[in-house]
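The exercises below are meant to be worked through with the sequence and the 3D view side by side. Each one sets a task and then gives a solution that goes step by step.

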Amino acid sequence: MTGRTPSRIREKPAPLPNPALPGADFADCYARDLGHSSMTAEAFARAMIKDPPDWAQRLLILRNVMVRPFGLSGGKTDGNSVNGFPFMSCEDDQAVLGFDDKHLDFRIVIDMTGRGTEKARAHVTTLVRRHGLPGRLYLAGVLPFHRKIVPAMMRRVAVEG
């Protein structure tokens, strides 16, 4: 990892409803100060997701193995995705990744504010629309890990001006 030392990650209230996933019934949001960075949302998303901590990568692999018998998706790996998370839209200040599945639909929304100023900040919002009991059970099972993984991945992003 290069660049400045990551600043503290803060949990923030997540905005619902959110146009990135109308009908979402779960949301959380984390923010990280970026100094004077002019990093785009796509660059932050790619840096955050492409190289998760080893322990988080192992958990994602385990998750994909465990859900395969239930016909759940593990994401896709085409050119418009990063580490199995497809981009749904991408602009300089916002990138939206995610997909819809049998048990739930989810979005990862990366919002960049104050780019190029001393108040530059990345906000990572996770939105979920659960489909019945399977979606509720799945989210309950992964949520404790999610709350550790997202901040850990945000910390690993090397920020450059």
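From the N terminus on, the elements of the protein chain follow the order β-β-α-α-β-β-β-β-β-α, and the model that shows them is a predicted one.

**Exercise 1. The overall make-up**

Task: State how many helices and strands the protein chain has, what share of its residues is buried, and what share of its contacts joins residues 24 or more positions apart.

Solution: Begin with the elements, of which the protein chain has three helices and seven strands. Next, turn to burial: of the 161 residues in the protein chain, 43% are buried. Finally, take the contacts in the protein chain with a separation of 6 or more, and 64% of them turn out to be between residues 24 or more positions apart.

**Exercise 2. Two helices that pack together**

Task: Describe how helix H2 and helix H3 are oriented towards each other, and which residues meet where they pack.

Solution: First locate the two elements, since helix H2 covers residues 54–67 and helix H3 covers residues 132–155. Their axes are 10 Å apart, and the helices pack at an angle of about 155°. Because an angle over 145 degrees counts as roughly antiparallel, H2 is roughly antiparallel to H3. The crossing of the two helices, H2 and H3, is left-handed.

Then list the residues on each side: H2 contributes Trp 55, Ala 56, Leu 59, Arg 63 and Val 67, while H3 contributes Tyr 138, Phe 145, Lys 148, Ile 149 and Ala 152. Sorted by class, this contact of H2 with H3 holds eight nonpolar residues, two charged residues and no polar ones.

**Exercise 3. The aromatic pairs**

Task: Find the aromatic pairs in the whole structure, and decide for the rings of Phe 85 and Phe 106 whether the pair is stacked, tilted or edge-to-face.

Solution: A search of the whole structure gives two aromatic pairs. In the pair of Phe 85 and Phe 106, the ring centres are 6.1 Å apart and the planes stand at 90°, so the pair is edge-to-face. Phe 85 belongs to strand S4 (residues 85–90) and Phe 106 to strand S6 (residues 104–113), so this pair ties together parts that lie 21 residues apart in sequence.

The other pair is that of Phe 99 and Phe 106, whose ring centres are 4.8 Å apart and whose planes are at 80°, so this pair is edge-to-face as well. Taken together, Phe 85, Phe 99 and Phe 106 form one aromatic cluster. As for burial, Phe 85 is buried, Phe 99 is buried with a relative accessible area of 14%, and Phe 106 counts as buried at 12% relative accessibility.

**Exercise 4. Around Pro 53**

Task: Say where Pro 53 is placed, whether Pro 53 is buried or exposed, and which residues Pro 53 touches beyond its neighbours up to four places away in sequence.

Solution: Pro 53 sits in the loop between helix H1 (41–50) and H2. Its relative accessibility is 7%, so Pro 53 counts as buried, the cut-off being under 20%. Leaving out residues up to four places away in sequence, Pro 53 touches Ala 152, Met 153 and Arg 156. From C-alpha to C-alpha, Pro 53 and Met 153 are 7.0 Å apart in space, although 100 residues separate them in sequence.

Arg 156, for its part, is in the segment after H3 and is partly exposed, with a relative accessible area of 34%. The C-alpha atoms of Arg 156 and Pro 52 are separated by 7.8 Å, and these two residues are 104 residues apart along the chain.

**Exercise 5. A residue with positive phi**

Task: Locate Asn 83, and explain why its phi deserves attention.

Solution: Asn 83 is in the loop between strand S3 (81–82) and S4, and it is partly exposed, with a relative accessible area of 35%. Its phi is near 50°, which is a positive value in a residue other than glycine. Most residues other than glycine have a negative phi.

**Exercise 6. A buried threonine**

Task: Which residues does Thr 126 touch, not counting residues up to four places away in sequence?

Solution: Thr 126 is found in strand S7 (residues 120–130), and at 9% relative accessibility it counts as buried. With residues up to four places away in sequence not counted, Thr 126 touches Phe 26, Ala 27, Asp 28, Arg 107 and His 146.

How values were computed
Residues numbered from 1 in each chain as written. Predicted model: local features only at pLDDT ≥ 70, side-chain atom pairs only at ≥ 80, totals over all residues. Heavy atoms only, no water. Axes fitted to C-alpha atoms, helices over the stretch in contact; angles between N-to-C directions. Helix = DSSP H or I, 4+ residues; strand = E, 2+ residues; numbered from the N terminus. Parallel < 35°, antiparallel > 145°, perpendicular 65-115°, else oblique. Left-handed = near helix turned anticlockwise from the far one by under 90°. Contact = heavy atoms within 4.5 Å. Nonpolar A, V, L, I, M, F, W, Y, C, P; charged D, E, K, R; others polar. Phe/Tyr/Trp six-rings, centres within 6.5 Å; stacked < 30°, edge-to-face > 60°. Buried < 20%, exposed > 50% of the residue type's maximum accessible area, 1.4 Å probe, protein only.
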